[in-house]
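Me: Please take one part of this protein and walk me through it closely. I am a first-year student, so keep the sentences short.

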Amino acid sequence: MQDRVTVGLVQWHAVPGDPGINLERAIELVAEAADLGAELVVLPELWASGYDASRLGEIVAEAAEPVPGPRSERLAEASRTHGIWLFAGTVPELADGVTYNTAVVYDPAGEIVAQHRKAHLYRATAEDAVFTAGSEATVLDTEPFGTVGMAICFDGDHPGYARALRDRGARLVVMPAAYEAGAESWWELLHPANALANGQWWITVNQAGGEGEAAMFGRSRVIAPDGAVVCEAPRHDAGGPAVVTCTIDLAAGIADADLHGGVIWTDARPEIY
């Protein structure tokens, strides 16, 4: 695991139902993050389709395609051109006659090295009527970042899922999200608690924009293994898309967590839970 890495948080309000515009915007923002020195770039959940709960099935159907496919070829080209690790948020994936909400990861050579299908579908916005749930707690072994856990929005709200990633060796968790304003208090509390309880870095990247309680508030974050927020993008009402970069010392944060917080996970007794 390398000591220091520059992370690029890319948040914006994807246009519901316009996958072509959304793809071009994603490519532009990835380039901006790379120009700012990001080595690991993260996009939000369902940027390809946009997120509008009132017509989720319709806009997801318009944006759904196989992985790999034409959209993933463009993302692979972006990661290869800029020489970055691209955690490309999530996209509607067509596979085996159903649609998954899928996070896709590209290495600096432009190869797809991991896919995670959202396992916890958010019934409050009828995701379960649109998507098929994934069945895995997904981790990716990398040389620069160690073992990386993959979560998508509501996945990361479940402490048991965070612990499953830790049990599989993940000390860094990447979580794209489309988190609405009505649940902002969850954003405040849940992921820092998961980071602290499991000695993990968490990168959480949210969409940013919209109206009322359905608006997504941005505030994409990097959370250290002690639960402290060390980097945060603006709230969406600060205006426009945001690309925020920050450099973190992965190894030092994990070593400090092991020294000061290790009893939280090493003294767990799962047999009585």
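Reply: Start with a pair of strands. β12 and β13 run antiparallel and are joined by 3 bridges. One bridge can be named: isoleucine 223 has valine 229, in β13, as its partner. The two strands make a hairpin, with 5 residues between them. Look in the turn for glycine 227, whose phi is positive, about 90 degrees. Keep in mind that this is a predicted model.

Now step back to the sheet around that hairpin. The sheet is open and has 6 strands. Read across, the order is β6-β7-β8-β9-β12-β13, and the pairing is mixed. Why do β6 and β13 each have a side without a neighbour in the sheet? β6 (138–142) and β13 (229–232) stand at the edges, and each has a single partner strand, so one side of each is left free of a neighbour there. From one strand to the next, the twist averages 20 degrees.

Move inward to β8 and β9. β8 covers residues 172–177, β9 covers residues 201–206, and the two run parallel. They are joined by 6 bridges. Alanine 177 stands opposite asparagine 206 in β9.

Next, find the helix that crosses these strands. Helix α5 (residues 184–198) lies across β8, β9 and β12 (221–223). Its direction is at about 155 degrees to β9.

Stay with α5, and look for rings. The structure holds 6 aromatic pairs. One of them joins tyrosine 179 and tryptophan 187, with ring centres 4.9 Å apart. Their planes are at 65 degrees, and edge-to-face means over 60, so this pair counts as edge-to-face. Tyrosine 179 and tryptophan 187 are both buried. Tryptophan 187 also pairs with phenylalanine 217. Here the distance is 5.6 Å centre to centre, the planes are 85 degrees apart, and the pair is edge-to-face. Tryptophan 187 is in helix α5, while phenylalanine 217 is in strand β11 (residues 216–217), so this pair ties together parts that are 30 residues apart in sequence. Phenylalanine 217 is buried, as is tryptophan 187. Put the ring pairs together, and Tyr179, Trp187 and Phe217 are linked into a cluster.

For comparison, turn to another helix, α1. It has 17 residues, 19–35. At 1.5 Å a residue, α1 should span 24 Å, and its end C-alpha atoms are 24 Å apart, which agrees. Which residues of α1 are buried? They are Asn22, Leu23, Ala26, Ile27, Leu29, Val30, Ala31, Ala33 and Ala34. An α-helix has 3.6 residues a turn, so residues three or four places apart point the same way. What do the buried residues of α1 pack against? Their partners are β1 (4–11), β2 (40–42), α3 (70–82), β3 (85–95) and β14 (242–249). After α1 comes glycine 37, with a positive phi near 100 degrees.

Two of those partners lead to a last stop. Glycine 83 sits in the loop between α3 and β3. Its relative accessibility is 44%, so glycine 83 counts as partly exposed. Glycine 83 and proline 108 are 25 residues apart in sequence, yet their C-alpha atoms are 4.4 Å apart in space.

Note on methods: Residues are numbered from 1 along each chain as its sequence is written. This is a predicted model: local features need pLDDT of at least 70, side-chain atom pairs count only at pLDDT 80 or more; totals for chains, interfaces and linings use all residues. Side-chain values use heavy atoms; hydrogens and water are left out. Helices (H or I, at least four residues) and strands (E, at least two) are DSSP runs, numbered from the N terminus. The expected span of a helix is 1.5 Å times one less than its number of residues. Buried means under 20% relative accessible area, exposed over 50%, partly exposed in between (1.4 Å probe, protein chains only). Contact means heavy atoms within 4.5 Å. Two strands pair if DSSP finds at least two bridges between them. Axes are lines fitted to C-alpha atoms, for helices over the stretch in contact, and angles run from 0 to 180 degrees between N-to-C directions. Rings of Phe, Tyr and Trp (its six-membered ring) pair if their centres lie within 6.5 Å; planes under 30 degrees apart count as stacked, over 60 as edge-to-face and the rest as tilted.
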